[in-house]
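I opened this entry to keep track of what I looked up. I wanted the overall fold first, then a few residues one by one.

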Amino acid sequence: MSQRNLKCTEKETQLLGQQLEEKEKEYEEVANDAEELANLVRTKCKAIKTLEKRLVEAKKLIASLKQELQSARNSSSVTEPQHPDPPQQQSTRVSSHSLSSIHSRYDKVLQTMKDNNCSMANAYRLSGCPRSTLRDFIAIAELKKVDSRAFEIAPANYQGESVRELEKMCRKSLGRYMPLMSTMRHEGQLLPLKFDQRFYE
């Protein structure tokens, strides 16, 4: 074999050796990666098994607690709390403020009727005074207009009593002013209301 051929053979041998070393390194890296992956899988499996075991234990504990709770409910007698009866609603007491409010609403509705030449129902709406705020206290408002002196005496005699009681007293007082009230309604000095005789009793 010539010297030239020997040199070529040595180079090829060296090249093959280098390639083998590189392949061995690659295989080693792959093997290490595979081992690492296997370790991770084993660790995950162990963790999953541990969690599954804890879950089973937790379910058993919950079931046991439910049984104890149900047993406690069955054995204990539950007494309904006794609530005191709600206090009865007290009637509104007579005060200058409550009386002033009644007169103010009455005058507002009456003036709205005059200014707008409208019905009483529309006057309630336009003035923003619901009918219910005057309906039960009409006599208080009208006695002051019919006979202010009699009205001034009325609250003094009923000081401390409810407004409803004062309303009843004013209705009885208005009974003797029915002819005058009819004239005042016709002239627009009172709201155009109509009541039967029982209203003044």
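**Overall fold**

I began with contacts between residues separated by 6 or more positions in the chain: 70% of them join residues 24 or more positions apart. I note here that the model is predicted. Next I looked up the secondary structure, and found eight helices and zero strands. Read from the N terminus, the order is α-α-α-α-α-α-α-α.

I then checked burial for the chain. Of its 201 residues, 23% count as buried. The accessible surface is about 15,900 Å². Carbon and sulfur atoms hold 52% of that surface.

**Helix 7**

I turned to helix 7, which covers residues 163-174. I checked its length against expectation. Twelve residues at 1.5 Å a residue should span 16 Å, and the end C-alpha atoms are 16 Å apart, so the two agree.

Which residues of helix 7 are buried? I listed V163, L166, E167, M169, C170, S173 and L174. These buried residues cover an arc of only 165° around the axis, so they sit on the same side of helix 7. I added a reminder for myself: an α-helix has 3.6 residues a turn, so residues three or four places apart point the same way.

**E167**

One name on that list is an acidic residue, so I asked: is E167 buried or exposed? E167 counts as buried because its relative accessibility is 2%, and the cut-off for buried is under 20%.

I looked for a polar partner of the E167 side chain. The side chain of R171 makes a polar contact with it at 2.9 Å. I then looked for contacts of E167 beyond four places in sequence. I found D136, F137, I138, A139, I140 and F199.

**E142**

I moved on to E142, which lies in helix 5, residues 138-146. E142 has a relative accessible area of 1%, so it counts as buried.

Which side chains make polar contacts with the side chain of E142? I found Y106 at 2.7 Å. I also found R185, at 2.8 Å. Setting aside residues up to four places away in sequence, E142 touches Y106, L174, M181, R185, L190, L191 and L193. L174, one of these, is also on my list of buried residues in helix 7.

**Aromatic rings**

F199 had come up as a contact of E167, and I followed it to the rings. I counted three aromatic pairs. F195 and F199 form a stacked pair, with 3.8 Å centre to centre and 15° between the planes. F195 also pairs with Y200, and that pair is edge-to-face: 6.4 Å centre to centre, 85° between the planes. The ring pairs link F195, F199 and Y200 into a cluster.

How buried or exposed is each ring residue of the cluster? F199 has a relative accessibility of 11%, so it counts as buried. Y200 is buried as well, with a relative accessible area of 8%. F195 comes to 29%, so it counts as partly exposed.

**Closing note**

I have two buried acidic residues on record, E167 at 2% and E142 at 1%. I logged R171 as a polar partner of E167. For E142 I logged Y106 and R185.

Conventions:
Residues are numbered from 1 along each chain as its sequence is written. This is a predicted model: local features need pLDDT of at least 70, side-chain atom pairs count only at pLDDT 80 or more; totals for chains, interfaces and linings use all residues. Side-chain values use heavy atoms; hydrogens and water are left out. Helices (H or I, at least four residues) and strands (E, at least two) are DSSP runs, numbered from the N terminus. Buried means under 20% relative accessible area, exposed over 50%, partly exposed in between (1.4 Å probe, protein chains only). A polar contact is a pair of N or O atoms within 3.5 Å; within protein, one must be able to donate a hydrogen and the other to accept it, and residues adjacent in sequence count only if both atoms are side-chain atoms. Contact means heavy atoms within 4.5 Å. Rings of Phe, Tyr and Trp (its six-membered ring) pair if their centres lie within 6.5 Å; planes under 30 degrees apart count as stacked, over 60 as edge-to-face and the rest as tilted. Accessible areas come from the Shrake-Rupley method with a 1.4 Å probe; for residues, only the protein chains shown count as cover. The expected span of a helix is 1.5 Å times one less than its number of residues. The arc is that of the directions from the helix axis to the C-beta atoms.
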